[in-house]
Structures are given as structure tokens and as C-alpha cells.
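Me: Please take a close look at the interior of this model. I would like one connected account, starting with the cysteines and working through to the charged pairs.

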Amino acid sequence: MFGKILNFRFPSVSEAKLAASFCSEKFGSKISDYNIIGLNIFISQLGDLNVSIKFENSNALNKFETNYEDIISDLKKSLAFKENNFVGVCAYTY
């Protein structure tokens, strides 16, 4: 299982909540387009938003990676945040 992990840091929890709603709608609507098999969205007390997107194979992940910037472009235009993301292979899941 392959995954894309997104870490967004917002100035406030309120902005993180808005972004969580955006991510839920945007990524949720792409489940069948990109063969997403898992989507988790977490908000911290400090305004961090963590999104974990799981894919069954590398082809689905690569397709998502190619279009990632287009998918979140509206978020980048609307809110100020710091972004850190990476691709990983699932080592353990329960």
C-alpha cells in the first residue's frame, strides 16, 4: 500500500477546519478517479492539518501526484499555510 502524507500548518484552528472541509470535499470526490483506498484527515489543537491518502498501487499514486497541484490550487489561493508532504509505503496498519 502506498500513501501520500500531507502536513499543512495554519495560523489558527479555524483556518485548519476550513481546510479540512476543503480537503474532505476535494479528495473525497477523487476517490474513484485515483483509486484511493483510504483517506484520513486530522486537525490538531495548534492549527495543523494532516491528511493521509492511501493507494493500492504505485500507478494510482503517480496519477494523483501528477495532478496534486491542480487539486489543491484553490486552497493555496484562499488560505496562507506552510506545507510539507511526502510519499511513503505503508509499513504497518491495524
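Reply: Cysteine 90 is partly exposed, because its relative accessibility of 31% lies between the limits of 20% and 50%. The model is a predicted one. Cysteine 23 is buried, because 0% relative accessibility falls under the 20% limit. The structure contains zero disulfides.

The interior proper is best taken from its nonpolar core. In soluble globular proteins, nonpolar side chains tend to be buried together. The largest nonpolar core here has 24 residues, and within it Phe8 and Phe27 touch the most other members. Two or more residues each are supplied by strand S1 (2-9), helix H1 (13-28), strand S3 (48-55) and helix H2 (58-78). H2 gives the largest share, seven residues.

Phenylalanine 27 shows what such a position looks like in detail. Beyond its neighbours within four places in sequence, phenylalanine 27 is in contact with Leu6, Ile36, Leu39, Val51, Ile53, Phe64, Tyr68, Ile71 and Ile72. Of these partners, Leu6 falls within the span of S1, 2-9. Val51 and Ile53 fall within that of S3, 48-55. Phe64, Tyr68, Ile71 and Ile72 fall within that of H2, 58-78.

Next comes the sheet. Four strands make up an open sheet, ordered S2-S3-S1-S4, with antiparallel pairing. Its edges are strand S2 (36-43) and strand S4 (82-89), each of which pairs on one side only. Ignoring direction, neighbouring strands are turned against each other by 10° on average. Between S2 and S3 the antiparallel pairing runs over seven bridges. Phenylalanine 42 is placed opposite asparagine 50 of S3.

The helices pack against this sheet. H1 touches S1, S2 and S3, and its direction makes about 170° with that of S2. H2 lies across S1, S3 and S4 and runs at about 20° to S1.

Serine 52 offers a polar view of the same sheet. Serine 52 belongs to strand S3. This serine is buried, because its 15% relative accessibility is under the 20% limit. Apart from neighbours within four places in sequence, serine 52 is in contact with Lys4, Ile5, Gly38, Leu39 and Asn40. Among these, Lys4 and Ile5 fall within the span of S1, 2-9, while Gly38, Leu39 and Asn40 fall within that of S2, 36-43.

Lysine 30 sits in the loop between H1 and S2. At 23% relative accessibility, lysine 30 is partly exposed, because that value is not under 20%. Leaving out neighbours within four places in sequence, lysine 30 is in contact with Ile36 and Ile71, and these two residues also appear among the contacts of phenylalanine 27. The C-alpha atoms of lysine 30 and phenylalanine 64 are 9.1 Å apart, with these positions 34 residues apart along the chain.

That leaves the charged pairs. The whole structure has four salt bridges. In one of them, glutamate 65 is paired with lysine 4, and the closest N and O atoms are 2.5 Å apart. Glutamate 65 lies in helix H2 and lysine 4 in strand S1, so the pair links distant parts of the chain, 61 residues apart. The accessibility of the two partners is unlike: glutamate 65 is partly exposed at 32%, whereas lysine 4 is buried at 3%. Lysine 4 is also one of the contacts of serine 52.

Another salt bridge joins the side chains of arginine 9 and aspartate 48, at 2.7 Å from N to O. Distant parts of the chain are linked here too, with arginine 9 in strand S1 and aspartate 48 in strand S3, 39 residues apart. Arginine 9 counts as partly exposed at 49% relative accessibility, whereas aspartate 48 is buried at 14%.

Glutamate 83 and lysine 76 form a further salt bridge, with 3.3 Å between the closest N and O atoms. Glutamate 83 is partly exposed at 28%, as is lysine 76 at 36%. Salt bridges with shared partners combine Glu69, Lys76 and Glu83 into one network. Within it, Glu83 falls in the span of S4, 82-89, and Lys76 in that of H2, 58-78.

Methods: Residues are numbered from 1 along each chain as its sequence is written. This is a predicted model: local features need pLDDT of at least 70, side-chain atom pairs count only at pLDDT 80 or more; totals for chains, interfaces and linings use all residues. Side-chain values use heavy atoms; hydrogens and water are left out. A disulfide is a pair of cysteine sulfur atoms within 2.5 Å. Buried means under 20% relative accessible area, exposed over 50%, partly exposed in between (1.4 Å probe, protein chains only). A nonpolar core is a set of buried Ala, Val, Leu, Ile, Met, Phe, Trp, Tyr and Cys residues joined through side-chain atoms within 4.5 Å. Contact means heavy atoms within 4.5 Å. Two strands pair if DSSP finds at least two bridges between them. Axes are lines fitted to C-alpha atoms, for helices over the stretch in contact, and angles run from 0 to 180 degrees between N-to-C directions.
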